[in-house]
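Q: Could you walk me through how the labels for this model are reached, setting values against their cut-offs?

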Amino acid sequence: MKVALFAWEFPPKIVGGIARHVYGLTRALSKIGVETLVFTCEFPGSPREEKIDGVHVFRVDSYRAPTPDLGTWDLVMNQSMEETAAEIMNSENEPVDLLHAHEWLVAKAAIGLKHTLRLPLLATIHATEYGRRNGLHDDNERMIHEIERWLTFEAWRVVCCSSFMADHVSWAFSLPRQKIDVIPNGVDVKEFVGTIQKAPFRRLYAVPEEKIVLFVGRLVYEKGASLLVEAVPRVLARTNAKFVFVGDGYMKEQLIARARQLGVAHKTYFTGYVDEKTLKQLYRVADVCVFPSLYEPFGIVALEAMAARAPIVVADTGGFSEVLEHDRTGVKVYPNNVESLAWGIVRVLTDDGYASYLKANAARKVLEEYSWDQIASRTKKVYERILEEYEKGTWKPVFT
Amino acid sequence: MSWEFPPRIIGQISGDSEKIALGLAKHGCKVDVVTYHDSLIGKESRGEGLRIHRVTSPVRTHGNVVTWALTLNTELERVAADIIYESSDQFKLVHAFEWMCVPAAIQLKKTLGTPYLLSLYSTESERSAGGPLSGAITYLEKSGALQAAKIIVNSKARAEIVQKNYNVPPDRLIVLDVATNPIDELIEQYRSTLSNLGIREEQSDLP
């Protein structure tokens, strides 16, 4: 089986979660006999064509003309991506069996190739414009929303990362729910194990008597960092802790000011963005990871914390509700509820036995269900289903 | 492929493309016009050998004409590909009008090897003083001109502009004014395009 994947970002170009997702997925697919071609945007210093771990990557020229905004840039880039992909797919000895598009950013190229080459198309919708913006407010957002709808309409099947997202996509695009498969995101557990010098690293963030409470996420409204700041005094009333906020966003100054107002500034640490290596070590020295999101399509941070063996407290919302099981693999608290959040954090910090029990269960679960090998084999099943249906039909690249 | 065709009339291309389509059909060519209309979507047969296929952009909200044209072109491409797959095994040729149809023409050439002729009525440098979209339009127009088997213009002066702006080899530029009803000459150009590409007469749809 040979699949052409389309994604506007692929390592070393990493903007959001799509690059990591397509990277993890394609590597694991190649291990189970699915040959993959990845078409993505160029990146300074990266070759136009390379083979990494069995994955054939093609980087296309994405700045052929100046454009005034993201939507225009993207559609012009798609013209270029479709041309390059057509040339490469036509020159391959073995034909491509299926197209797999990730997000609206590659919709035009993938849909065009679907019709000219008459190949089935699978679309993965990681997030929607409606969800990202909490509604549609201008013509740019509406255009992106309609491109997303177009992609789901043209796709043979659609993959979403959680049931929550599947229901949302079905509603947002009037898409039959039966056309959507739920396959979660994955995590590479190997990246979170191995020996590290914990004590010296930990001292950069907290004194030994303080437990570390770790928040990872953009400092924006929907990630709920403000709830955690409000919870700080309530937690400190019961136990000694340092609250480390990793990430950046428009709420950062406001959050710092509020911590000062509450008299807990010395117990908080806003690190801004940190590099991958630092982040992985932070997960490993954290005594509890807290994700109080109000909106969360999936919540890949939960998988990272599980892989790093850190106990987790999440708001019972979106993807978190599905990934974690309360009292077994994590603690779920009421969304948008400071009292409940503080209770959950204290519950984990004041009972080491309970924390170890959660960690052990979560580490087992993440290996069993969220490894890229698992995700790739579930994705392959969707590919097989589509190809089986396609074979039975009459829509083929045959001249009559 | 033309972005305007009666009953949609914006400028000169609508009338010209209709005149050419009717003329070709009269001469025994099988003609499929793929064009845009906002609401009259679908296929219409106009007597022997002429069918009109109207599509609209699958995306309704747009910030500018480039995003509109690019998404519309994927629909032009879809319908043109269906025509190529579903008609006889005879060879197909695309005649595209203006940059508005260039994205689809290029993709059909790249994916299915269908050659295209491009009619250019003006160039972006003449139409615009360099607005924010000019770069993208110039890029599409130029890559359309460079990949076309032949470029049809209506005057010698325009041929010079296209050659100067886009560095197109002079032998690919054809001066042909639709007002003089040059259907025989157009068919001759189609025929030589196919024979230049090594496609034999009997494989083609031409009379």
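A: Happily, starting with burial: A:Phe39 has 0% relative accessibility, so A:Phe39 counts as buried, because buried means under 20% relative accessible area, with exposed over 50% and partly exposed in between (1.4 Å probe, protein chains only). This is a predicted model, where local features need pLDDT of at least 70, side-chain atom pairs count only at pLDDT 80 or more, and totals for chains, interfaces and linings use all residues. Residues are numbered from 1 along each chain as its sequence is written, chains are lettered from A and ligands numbered from 1 in the order in which they are written, and side-chain values use heavy atoms, leaving out hydrogens and water.

Q: Why is A:Phe6 called buried?
A: A:Phe6 has a relative accessible area of 0%, so the residue falls under the 20% limit.

Q: What makes A:Phe6 and A:Phe39 a stacked pair?
A: The whole structure holds 18 aromatic pairs over all chains. In this one the centres are 5.4 Å apart and the planes 25°. Rings of Phe, Tyr and Trp (its six-membered ring) pair if their centres lie within 6.5 Å, and planes under 30 degrees apart count as stacked, over 60 as edge-to-face and the rest as tilted, so the pair is stacked.

Q: Why is the pair of A:Phe201 and A:Tyr205 called tilted?
A: Their centres lie 5.3 Å apart, with 50° between the planes; that angle is neither under 30 nor over 60 degrees, so the pair counts as tilted. Both A:Phe201 and A:Tyr205 are buried.
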